Amino acid sequence: MDLSVLYDAKSYHMPLAERIAERINQLIIDQKLTENDKLPTEFELMEILDVGRSTVREALKILVARNVLEIRRGKGTFVSKNPGINKDPLGFAYMQDKMRLAHELMEVRMQIEPWTASLAAQRATESDMAELCGYCAKVTDMDLSEALHREADLAFHDCIAHCTHNQVICNLTPIITHAVTVFSDISERSVRIKTRISHQQICDAICARDSQAAQRAVLAHLEANRENWEKMAR
């Protein structure tokens, strides 16, 4: 396994742990490693990179902080889901006015998500549809706890993005959908009951390959959410 990287003038002056992190990162790219692929052990990396254990550990910590890697106790170090993309890169959690954030995010979502659903209806494979239906069944289950419902809701929207087979959408959607959890505590159970119906409509339209119906269903879903948030803001 060749981890050699030609250092330019900039990388040469980087701290050793940063340079090692860059070399490990290049390994992931060169070897086309993806989510859940396992990296060599610390001792193997020490031998390959010809550095001490403390340097390897520091480099791994850097990549964990960047969401490139995740360490699973007792199992090893693995490539993260959506490596390099942090859950909140735009700093939504630090925006104080959550109602304003909800409103402004809704403006963005209403431009992006209907088109995403339309594209998903055109490009989804049979296996994509089966996966989408599975998430839809979970998100429409009213017996789920609030935490599990939120997790299923995010997975459902992420799955719609993956149905487009567009890498940019797949990377952008989790950033937007994760932001919903920042102000999700302002929602009520009545909203959840209404969204159960709209989620099913979205799923049905995509599985029917009806791009226009999918677009309309997402718009209706978002509009209903916006109306409920505005009522609670009064």
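**Close-up 1. What lines the largest pocket, by residue class.** In this predicted model, the largest pocket mixes things up: its lining has 11 nonpolar residues, along with 10 charged and 9 polar ones. That makes up a lining of 30 residues, wrapped around a volume of about 830 Å³.

**Close-up 2. The centre of the largest pocket.** Zoom in here and you'll find Lys-81, Asn-82, Leu-154, Ala-155 and Asp-158, the lining residues that lie nearest the pocket's centre.

**Close-up 3. Which elements build the largest pocket's lining.** Helix 7 (146-163) chips in the largest share, with 8 residues. Strand 1 (69-72), helix 6 (126-139) and helix 8 (167-180) are also on the list of elements that each supply at least two lining residues.

**Close-up 4. The second largest pocket and its classes.** This one has a volume of about 350 Å³. Its lining runs to 15 residues, and by class that's 7 nonpolar, 7 polar and just 1 charged.

**Close-up 5. Around the centre of the second largest pocket.** Nearest the centre sit Thr-34, Asn-82, Pro-83, Gln-167 and Asn-171. As for elements, helix 2 (16-30) and helix 8 are the ones giving two or more residues to this lining, and helix 8 has the largest share, with 3 residues.

**Close-up 6. Where the two pockets share parts.** Keep an eye on Asn-82: this residue is listed among those nearest the centre of the largest pocket and among those nearest the centre of the second largest pocket. Helix 8 turns up twice as well, supplying at least two residues to the largest pocket's lining and 3 residues to that of the second largest pocket.

Notes: Residues numbered from 1 in each chain as written. Predicted model: local features only at pLDDT ≥ 70, side-chain atom pairs only at ≥ 80, totals over all residues. Heavy atoms only, no water. 1 Å grid on protein atoms, 1.4 Å probe; cavity = no way out; pocket = protein on both sides within 12 Å on 5 of 7 lines; lining within 4 Å. Points joined across faces, edges and corners; volume = space filled by probe spheres on them. Helix = DSSP H or I, 4+ residues; strand = E, 2+ residues; numbered from the N terminus. Nonpolar A, V, L, I, M, F, W, Y, C, P; charged D, E, K, R; others polar.
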